[in-house]
Amino acid sequence: MTPFTYLRATDASEAVRLGAGAGTAFLGGGTNLVDLLRETVARPERLVDVSGLPATIEETEAGGLMIGAAVRNTALAEHRAVRTRYPMLARAILAGASAQIRNMATVGGNLTQRTRCTYFYDTDGSRCNKRLPGSGCDAREGFNRIHAVLGASEACVATHPSDMCVALAALDALVHVTGPAGARSIAFGDLHRLPGDAPDRDTTLAHGELIQAVELPPLACGATSTYRKVRDRASYAFALVSVAAALALDGDRIADVRIAFGGVAHKPWRATKAEAALRGAEATQQAFLDAAALEFEDATPLRDNAFKPALAGRTLAAVLHALASGETV
Amino acid sequence: MSLIVNGARVSAPSDPRTSLLDLLREELRLTGTKKGCNQGACGACTVLVDGERVLACLTLAVQVDGREVTTIEGLAGADALHPLQVAFIEHDGFQCGYCTPGQICSALGMAAEAARGVPSHVSADLAAEVTLSREEIQERMSGNLCRCGAHNGIIDAIRATLAAEVPA
């Protein structure tokens, strides 16, 4: 690690004041940032520890939940209202990392974690436009089994690693931030970026902007939702593809549906095309597969990940079938 | 800045780059906690902070200011091993032993999580009470790797000690 100064913030306004300078980074649970520091991928001059900021989960007047950014992943997954009203969120969190890491990781940190592309971490041996803009991308022609098939660019084919964020994308969460220029709220779909020609920027947050809370709006069909993750081993591995979905039926027809994919793009991928195709349609296996095919029609697979569109489609069909049948796992 | 390690108050390091793992091993000479991957992938450095299992390699020591850390050295009594340590011996829960301190600390944290109802990836009903079946223990302990392949003995030891009332 390169040397840094460590400061602890006791509230958001102090964090924003301390975090304003160049070379400053916010520290949550450290499960990603400490690793990035050790690999010298991240070289901040100053760390502002925000892991001690408010960690409450409260009901909103609208009937949703307001989740403090310092809430630990385990605390969010075990919260009674999350388990019953937003099971896809509890299941997404429980599918991620290990129990030890979930005990440490914060909500705000989960949203701002970096990709797990191995070339991004290989400071000595690999070119990476996300780590060093303009240096090139060794993943595009390299071992790219875990990489993106949607929304990638010539500069970057990395995926977003979070499971929790896939559920938050499907749930239309709102991200409340505060910073040197004041407070604002960001629709979850606008928080993470596609790489374009600036893959070093993962999010639309300005420097010094701090995530304070994540708001879940109420969702009538939220209780009929789940998350399924496909990976190379049964536990403690990042997703090859994952699906967060909620479903409401009106007889045989789909009254409402929410779908987001993980492991396929630089950001959690809200499947708006598939959702539009399914709303009002009959809930059949063929309709599910057709909707997925539509979502992935512009997919651009790489050498090692051409299986992803078909795997994502079959996973979506299995999840929607399970939800339509009243199964939850 | 100070923290409590196995009941004794110790000073936090002056260099904020020091991980909790390096503080324990290099400065306090508590070498029971092991450094496996040093990047959060193996679980060998698992310790309890205020009773919660965490990875010491990904924890900056300055972040646990004022908190209580329990390592494998803090589990045994003056005259007797912790019952889970005894069970690891009885059930062949290790061969080389390198992952064992992390496995044992992790299992104790896991039992506390299960007791307060934290569900897991394999829990069919998210709202139900937790029964520590073999499958549940496998999933909940997946953050602790054993390169000797002693996992079956590890699960047997945990079941015998922390989930004794559960049928096989």
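**Chain A, overall**

I started with chain A and counted 12 helices and 12 strands. For both I took DSSP runs numbered from the N terminus, with helices being H or I of at least four residues and strands being E of at least two. This is a predicted model, where local features need pLDDT of at least 70 and side-chain atom pairs count only at pLDDT 80 or more, while totals for chains, interfaces and linings use all residues. Residues are numbered from 1 along each chain as its sequence is written, and chains are lettered from A and ligands numbered from 1 in the order in which they are written.

Next I looked up the radius of gyration, taken over C-alpha atoms and set against the globule rule of 2.2 Å times the number of residues to the power 0.38. Chain A has 19 Å, which agrees with the value near 20 Å for a compact globule of 329 residues. Its C-alpha atoms fill a box of roughly 60 × 50 × 35 Å along the principal axes.

For burial I counted other C-beta atoms, placed from the backbone, within 10 Å of a residue's own: 20 or more is buried, 12 or fewer is exposed, and in between is partly exposed. By that count 54% of the 329 residues of chain A are buried. I called two residues in contact if their C-beta atoms, placed from the backbone, lie within 7 Å. Of the contacts in chain A with a separation of 6 or more, 64% come from residues 24 or more positions apart.

**H11 against H12 in chain A**

I fitted axes as lines to C-alpha atoms, for helices over the stretch in contact, with angles from 0 to 180 degrees between N-to-C directions. Helix H11 (residues 285–295) of chain A and helix H12 (residues 308–324) of chain A have axes that come within 8 Å and cross at roughly 140°. That makes H11(A) oblique to H12(A); I used under 35 degrees for roughly parallel, over 145 for roughly antiparallel, 65 to 115 for roughly perpendicular and oblique for the rest.

From H11(A), I noted Gln285(A), Phe288(A), Leu289(A), Ala292(A) and Ala293(A) meeting residues of H12(A) that include Leu316(A) and Leu320(A). The contact of H11(A) with H12(A) has 8 nonpolar, 3 polar and no charged residues. My classes were Ala, Val, Leu, Ile, Met, Phe, Trp, Tyr, Cys and Pro as nonpolar, Asp, Glu, Lys and Arg as charged, and the others, Gly among them, as polar.

**Leu194(A)**

I found Leu194(A) in the loop between strand E7 (182–187) and strand E8 (210–216) of chain A. Leu194(A) is partly exposed, with 16 other C-beta atoms within 10 Å. Leaving aside neighbours within four places in sequence, Leu194(A) is in contact with Gly151(A), His266(A) and Lys267(A). I also checked Leu150(A), which is 44 residues away along the chain, and got a C-alpha separation from Leu194(A) of 9.4 Å.

**Where A touches B**

I got 26 residues of chain A in contact with 30 residues of chain B. On the chain A side, the elements giving two or more residues are helix H2 (33–38), helix H3 (73–78), helix H4 (80–85), helix H5 (87–94) and helix H6 (99–104). H6(A) gives the most, with 5 residues. By class I had 13 nonpolar, 9 polar and 4 charged residues on that side of chain A.

**Chain B, overall**

Chain B has 5 helices and 5 strands, and I read its order along the sequence as β-β-α-β-β-β-α-α-α-α. Its radius of gyration is 16 Å, close to the 15 Å that the globule rule gives for 168 residues, so chain B is as compact as a globular protein of that length. I counted 49% of those 168 residues as buried.

**Helices in chain B**

In helix H1 (residues 20–27) of chain B, I marked Leu20(B), Leu21(B), Leu23(B) and Leu24(B) as buried. Just after H1(B), Arg29(B) takes a positive phi of about 60°.

Helix H2 (residues 83–90) of chain B and helix H5 (residues 151–162) of chain B have axes that come within 8 Å and cross at roughly 140°. That makes H2(B) oblique to H5(B). I listed Pro83(B), Leu84(B), Ala87(B) and Phe88(B) of H2(B) against Ala157(B), Ala160(B) and Thr161(B) of H5(B). These residues divide into 6 nonpolar, 1 polar and no charged.

I then tried H2(B) with helix H3 (residues 100–115) of chain B, whose axes come within 10 Å and cross at roughly 125°. Leu84(B) and Phe88(B) turn up here too, with Gln85(B), against Thr100(B), Ile104(B), Ala107(B) and Leu108(B) of H3(B).
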